[in-house]
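Biologist: Please take one part of this model and go through it closely. I would like a single connected account, with the cut-offs stated.

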Amino acid sequence: MRGAAYRRTARRAALLALALLLAGGTATGCGGRATTHHKPGTSHEQASGGVGTLLPAADAAGHKLREVPSEGAPEVQLAARPDSEDGWNLQLSVKNFRFTPDSTGGAALPGAGHAHLELDGRKIARLYGPWFHLPAAQVPEGAHTLTVRLYADDHTAWAVSGKAVEGTTQLTAPAPGPSGGHGHSDSQTAQSPPGQEQADRTVTITVRDGKVSPAPARTELRRGERVALRVTSDRADTLHVHGYDKELALPAGQEATLILTADRTGLFEVETHESALVLTQLLVR
């Protein structure tokens, strides 16, 4: 009897230990579905550690400011040089800052993150390095202000003395020439359809009055295939392919095309940033 009681006690202890282990895994999120989705204002922003101070104020795009002391704070300057064939080459000169594309969507780390590029206050791209090619097709004729702003991995804006860390430069776009005035562009944010023939699959999407047509569904791809995302939106917005961190400016009423090589396997959402609409899901096997 004493041996049976011992075995029952040992069994109960083992079951209790297993329950505690499973509960701990649930609490830490182990085994949960991986996701590439991230937005400003979601929970990871609030739980991103003690770097700086989150201010109640936000930048013009709605991202909360993360205040840090001026000494050792990130800095950025922006310069634009005409490209010999098309548009401009932009250079970001940063100090006390490093680009961390692999950890975007994670916790805020000191002096790390990415940048946003704005044209006259409208976001046109997210930047993960010091150089960016701006196609002429994205810049209307006339004088403009380009702004780059530095963000942490959790999408909060680095700030000093209550102001976002940013740099600006002026840009004047000439009138298009007889041939359209636009040479070729090797940027991922090419606006024109030429080059679609290089894609293995084309997905055409229209956004109107806050509705996506056709209804969002999964687009299945084999790893290594190229997909062309052709999107027409009735309002200016930005397309974002999560997981690949590719972005495309969507001018109001104009078709824009992003050609992407599906070199990662998994399920990746394609959505608009401003209107937060899911356009499709890329299932890469």
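**The five-stranded sheet and its edges**

Modeller: Thr 238 has Ala 249, in strand 18, as its bridge partner. This is a predicted model, in which local features need pLDDT of at least 70 and side-chain atom pairs count only at pLDDT 80 or more, while totals for chains, interfaces and linings use all residues. Residues are numbered from 1 along each chain as its sequence is written, and side-chain values use heavy atoms, with hydrogens and water left out.

Strand 17 (residues 237-241) and strand 18 run antiparallel and are joined by five bridges. Strands here are DSSP runs of E with at least two residues, helices are runs of H or I with at least four, and both are numbered from the N terminus. Two strands count as paired if DSSP finds at least two bridges between them. Strands 17 and 18 form a hairpin with four residues between them; in the turn, Gly 243 has a positive phi of about 85 degrees.

The hairpin belongs to an open sheet of five strands, with mixed pairing and the order 15-21-20-17-18. Strand 15 (218-221) and strand 18 (246-250) each have a single partner strand and stand at the edges, so one side of each is left without a neighbour in the sheet. From one strand to the next the twist averages 15 degrees (axes are lines fitted to C-alpha atoms, for helices over the stretch in contact, and angles run from 0 to 180 degrees between N-to-C directions).

Strand 18 is nevertheless mostly covered, with four of its five residues buried. Buried means under 20% relative accessible area, exposed over 50%, and partly exposed in between, with a 1.4 Å probe and protein chains only.

At the other edge, strand 15 runs parallel to strand 21 (residues 278-284), and four bridges join them. Leu 221 stands opposite Val 284 of strand 21.

As for the cores, the largest nonpolar one has 30 residues, and Leu 117 and Leu 134 have the most contacts inside it. A nonpolar core is a set of buried Ala, Val, Leu, Ile, Met, Phe, Trp, Tyr and Cys residues joined through side-chain atoms within 4.5 Å. Apart from it lies another core, of 23 residues, including Val 203, Ile 205, Val 241 and Leu 277.

For the wider setting, the protein has two helices and 21 strands, and buried residues make up 41% of its 285 residues.
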